[in-house]
Amino acid sequence: MKIYGVVTGDIKNFTRLSDQKRGKLVSDTEHLLRSMVRQPMDAAIFRGDSYQFITDNISDILNKCIRLICWFKMNSDKHSVTRLGTRLSIGIGEIAYLGKNVLDSDGEAFHFSGRNFDKMDKEEIIRLTIFDEAKTNTYQVILMYINMIIKGWTINQAETIYQLLSIEDSTQEKIAKELKMSQPAVAKSLRAAKWKEVEKGISYINADLNKQYFA
């Protein structure tokens with residue numbers, strides 16, 4: 001049984017950007033999404049402010065979602081009250097049909113992702129759904145607290161976490177070099193963002209998903 005993760009998301013406050021900024025954001029986001037998947041056809045942007053991607057690496061799917069959250073925060077105007085954001089609905093399960101691209105495909109993981117995206121409230125950031133309702137509810141409690149932490153991240157904290165999750169074999173020294181800041185400043189930023197607490201929640205969910213599908 002091959003298990004996939006499907007993520008359906010949208011971009012909050014996208015329409016408040018100028019035409020030029022919207023065009024650049026779509027192009028840059030599409031490039032980022034395609035860097036996260038095996039083949040370009042496994043990720044797509046549709047209706048301008050919505051996107052979807054599929055991956056067979058479910059142990060990394062939450063980190064990919066956190067990167068996307070950071071990505072949109074980073075692309076916000078620091079001088080504007082209105083900030084970009086995103087909502088992401090993850091569905092884990094089987095795939096019945098893989099079409100020419102992710103938008104033409106179908107199956108359990110797509111249903112979990114798409115249908116539950118429609119149920120998300122405007123302030124919710126990440127939702128994860130699997131076949132087991134009790135497990136899904138447990139994940140939602142953990143993600144509720146992660147959502148609360150993420151909402152408080154500044155643009156600078158988002159940049160730090162984005163690099164942490166993007167750089168291969170990342171260390172605070174490598175992040176500091178990339179962001180042209182000191183290692184103590186990186187450590188302070190991660191502490192302020194309560195990254196250890198977020199990481200523990202993600203690790204618990206990943207370990208439980210591995211037990212569910214691969215034990």
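How many bridges join β4 to β5? Four bridges join these two strands, which run parallel; strands are DSSP runs of E of at least two residues, helices are runs of H or I of at least four, and both are numbered from the N terminus. The model is predicted, and local features need pLDDT of at least 70, side-chain atom pairs count only at pLDDT 80 or more, and totals for chains, interfaces and linings use all residues. Residues are numbered from 1 along each chain as its sequence is written, and side-chain values use heavy atoms, with hydrogens and water left out.

The strands β4 and β5 belong to an open sheet of five strands in the order β2-β3-β1-β4-β5, with mixed pairing. Two strands count as paired if DSSP finds at least two bridges between them. At the edges stand β2 (43–46) and β5 (126–129), each with a single partner strand, so one side of each has no neighbour in the sheet. On average, neighbouring strands of this sheet are turned by 15° against each other, direction ignored. Such angles run from 0 to 180 degrees between N-to-C directions, and axes are lines fitted to C-alpha atoms, for helices over the stretch in contact.

At one edge, β2 pairs with β3 (residues 50–55) in the antiparallel sense over four bridges, and A44 stands opposite Q52 in β3. At the other edge, R127 in β5 is the bridge partner of S89. I126 and L128 point one way from β5, while R127 and T129 point the other way. All four are buried, where buried means under 20% relative accessible area, exposed means over 50% and partly exposed lies in between (1.4 Å probe, protein chains only).

Now to the helices. Helix α2 has 14 residues and reaches 20 Å from its first C-alpha to its last, close to the 20 Å expected at 1.5 Å a residue; the expected span is 1.5 Å times one less than the number of residues. Because 12 of its 14 residues are buried, α2 is largely enclosed by the rest of the structure. The buried residues of α2 include I61, R67, W71 and K73.

Helix α2 (residues 61–74) also meets helix α8 (residues 195–214): their axes come within 10 Å and cross at roughly 145°. In this contact (heavy atoms within 4.5 Å), L62, N63 and I66 of α2 meet W195, I202, I205 and N206 of α8. By class, the contact has five nonpolar, two polar and no charged residues. Here Ala, Val, Leu, Ile, Met, Phe, Trp, Tyr, Cys and Pro count as nonpolar, Asp, Glu, Lys and Arg as charged, and the others, Gly among them, as polar.

I66 and W195 appear again in the largest nonpolar core, which has 54 residues; I66, I126, L128, W153 and W195 have the most contacts inside it. A nonpolar core is a set of buried Ala, Val, Leu, Ile, Met, Phe, Trp, Tyr and Cys residues joined through side-chain atoms within 4.5 Å. Helix α2 gives the most to this core, with nine residues. Another core, of eight residues, lies apart from it and includes V6, A44, I54 and F110.

Last comes K78, in the loop between α2 and β4. K78 is partly exposed, with a relative accessible area of 47%. K78 and N156 are 78 residues apart in sequence and 9.8 Å apart in space, C-alpha to C-alpha. Leaving aside neighbours within four places in sequence, K78 is in contact with R83, I155, N156 and E159.
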